[in-house]
Amino acid sequence: MQFKWMAVALLGAITTHSHATLIFNDGNTHQISGPIFEDVRLENGSDLDIIHGGSIHTPADQPAIFIGIGAASTITLSGDATVTGGIDYEVWGSDEDAVIANDNAQIVGQGEKFSGHGRGAVSGSRRVEVNGNARLEGADNGTQGGHAIDNTSSGAQLASIHGGEVIGGVGGQTGGNGIDGWIETIGLDMSDGIVRGGDGGSQGGHGITTFGTISGTISGGMISGGNGASGGNAIQSQDGTDLDISGGIFQGGNGGLYGGDAINSIGFHSSTISGGYFDAGAGVLDDGWLLHLSGIGHWGIAGGLFGYNNIGNGFGIFNNATVDIHGWDLQLTDNLLTGYLLDGSWIETPVSLAYNEFAPLGNLNIFNHQNVRVPEPGSLMLLAIGLAGIWGTKRKKSVSASL
């Protein structure tokens, strides 16, 4: 009966060329398997499951899916499901608010969220998951592109990126950000996929940015800033970082004037890097930084490739920030850091410890470990075989003894 009512409403809207809103407020899960040319409103904890063949399209002056009062709502997209016009959570019901995009699903912002700012693909959701080949993209705009994931409410936001693309919209002046936390904490779990700021005429968008803290784990995928007169940063945090980075690619955006940074963090730091690729954005007047850190706390670096394609200005460690480097044959000579990191990667990057003579110094601590060499793959295999043999011999003796 419910689907029959939906079909009648859709037919009436097409026939009369009028606009209506589909409202689900019974707290149940509703499935969309065909095209709907109206906006949808969820209330009282109602969920939405948009499956293969399902799509929601809306006029450009409003979001395609609007989540209003009541308990948490989860929206799941699978197959080739499409939402054109974005998803907007007015208020958070609880930690269970979520948007989950799987397979080849797409969520695209459309029109303006407010004057001069393109609408985001997903706005205000506590949790966003992107898997497979799914794509989230902010709206293009003559002033500022929309953010792909836009947190405009209060509290923490979790972004789980395990595939697909999260792309900020193109802006005539400023590109949209891939993930924008505004003033909140962003919890990040990323193993694959692409997060990228949109291109902008003046300023490229950032890959991930917030005035709060960015925390979590990054083991794979790519995060990059958008291009513009000034390139965007791959990661930009105004209140510090608590990241465990073991892999992935971090690329500052390219600029007609200035390149963006791979990582730019202000505030309290408690982060580690054991792997990954880090490149500064290129600029005609000046390149970006691999690391641009300011504030108290530590970054510990034991691995990774820094400046694989563009070293830029290297490491900028300012205003009491501290970086601990672990490896062997490491030395800092005439502001150039060289040596091997613990994962065997060679590092050779310039280091700046202060903007000028009046600024508080940053700190670079070098920890050279003795007799550390990374075994060849063949040696690792022989070691594994040897350990397995020892374990098997001990197990055999143990079994014999018990008999």
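## Salt bridges, pocket and surface of a predicted model

Glu 165 and Arg 135 form a salt bridge in which the closest N and O atoms are 2.2 Å apart. Because Glu 165 lies in strand E19 (residues 156-167) and Arg 135 in strand E17 (residues 135-137), the pair ties together parts that are 30 residues apart in sequence. The structure described here is a predicted model. Glu 165 counts as partly exposed, at 28% relative accessibility, and Arg 135 is also partly exposed, at 22% relative accessibility. The pair belongs to a network of salt bridges that links Arg 135, Glu 137 and Glu 165.

The count of salt bridges comes to six. Three of them are set out below.

| Salt bridge | Closest N to O distance |
|---|---|
| Glu 165 and Arg 135 | 2.2 Å |
| Arg 127 and Glu 129 | 2.4 Å |
| Lys 113 and Asp 150 | 3.2 Å |

The side chains of Lys 113 and Asp 150 meet in a salt bridge, at 3.2 Å from N to O. This pair links distant parts of the chain, with Lys 113 in strand E13 and Asp 150 in strand E18 (residues 149-150), 37 residues apart. How accessible are the two partners? Lys 113 counts as partly exposed, since its relative accessibility is 23%. Asp 150 is buried, because its relative accessible area is 5% and the cut-off for buried is under 20%.

**The largest pocket**

The largest pocket holds about 310 Å³ of space. Its lining is made up of 21 residues, and those that lie nearest the centre are Gln 144, His 147, Asn 177, Asp 180 and Trp 182. Sorted by class, the lining has 15 polar residues, three nonpolar residues and three charged residues. Two strands, E13 (112-114) and E22 (208-210), each supply at least two residues of this lining. Strand E13 is also where Lys 113 of the salt bridge with Asp 150 is found.

**A nonpolar patch on the surface**

Which residues form the nonpolar patch on the surface? The patch consists of Leu 257, Tyr 258, Val 284 and Leu 285, which together have about 420 Å² of accessible area. Val 284 sits in the loop between strand E31 (268-279) and strand E32 (291-294). With 69% relative accessibility, Val 284 counts as exposed, because the cut-off for exposed is over 50%.

Tyr 258 of the patch can also be placed relative to Gly 228: the two residues are 30 apart in sequence, and their C-alpha atoms are 8.6 Å apart in space. Gly 228 belongs to strand E25 (residues 228-230). Its relative accessibility is 17%, so Gly 228 counts as buried.

**Buried strand positions**

Two further strand residues can be described by their accessibility and by a partner elsewhere in the sequence. Ile 301 is part of strand E33 (residues 297-306). Ile 301 is buried, with a relative accessible area of 0%. Between Ile 301 and Ser 274 there are 6.1 Å in space, C-alpha to C-alpha, while the two are 27 residues apart in sequence.

Thr 349 is part of strand E37 (residues 346-352). Thr 349 is buried as well, with a relative accessible area of 0%. Its C-alpha is 8.8 Å from that of Gly 312, and 37 residues separate the two in sequence.

**Positive phi in the loop between E34 and E35**

Which loop holds Asn 319? Asn 319 is found in the loop between strand E34 (315-318) and strand E35 (322-333). Although Asn 319 is not a glycine, its phi is positive, at about 50°. Asn 319 is partly exposed, with a relative accessible area of 24%.

Asn 320 also has its place in the loop between E34 and E35. Asn 320 is not a glycine either, and its phi is positive at about 75°. At 41% relative accessibility, Asn 320 is partly exposed, because this value falls between the cut-offs of 20% for buried and 50% for exposed.

Definitions and conventions. Residues numbered from 1 in each chain as written. Predicted model: local features only at pLDDT ≥ 70, side-chain atom pairs only at ≥ 80, totals over all residues. Heavy atoms only, no water. 1 Å grid on protein atoms, 1.4 Å probe; cavity = no way out; pocket = protein on both sides within 12 Å on 5 of 7 lines; lining within 4 Å. Points joined across faces, edges and corners; volume = space filled by probe spheres on them. Helix = DSSP H or I, 4+ residues; strand = E, 2+ residues; numbered from the N terminus. Nonpolar A, V, L, I, M, F, W, Y, C, P; charged D, E, K, R; others polar. Patch = residues over 30% accessible without salt bridge, like charges linked within 9 Å, V, L, I, M, F, W, Y side chains within 5 Å. Areas by Shrake-Rupley, 256 points an atom, 1.4 Å probe, with all protein chains shown as cover. Salt bridge = Lys/Arg side-chain N within 4 Å of Asp/Glu carboxyl O. Buried < 20%, exposed > 50% of the residue type's maximum accessible area, 1.4 Å probe, protein only.
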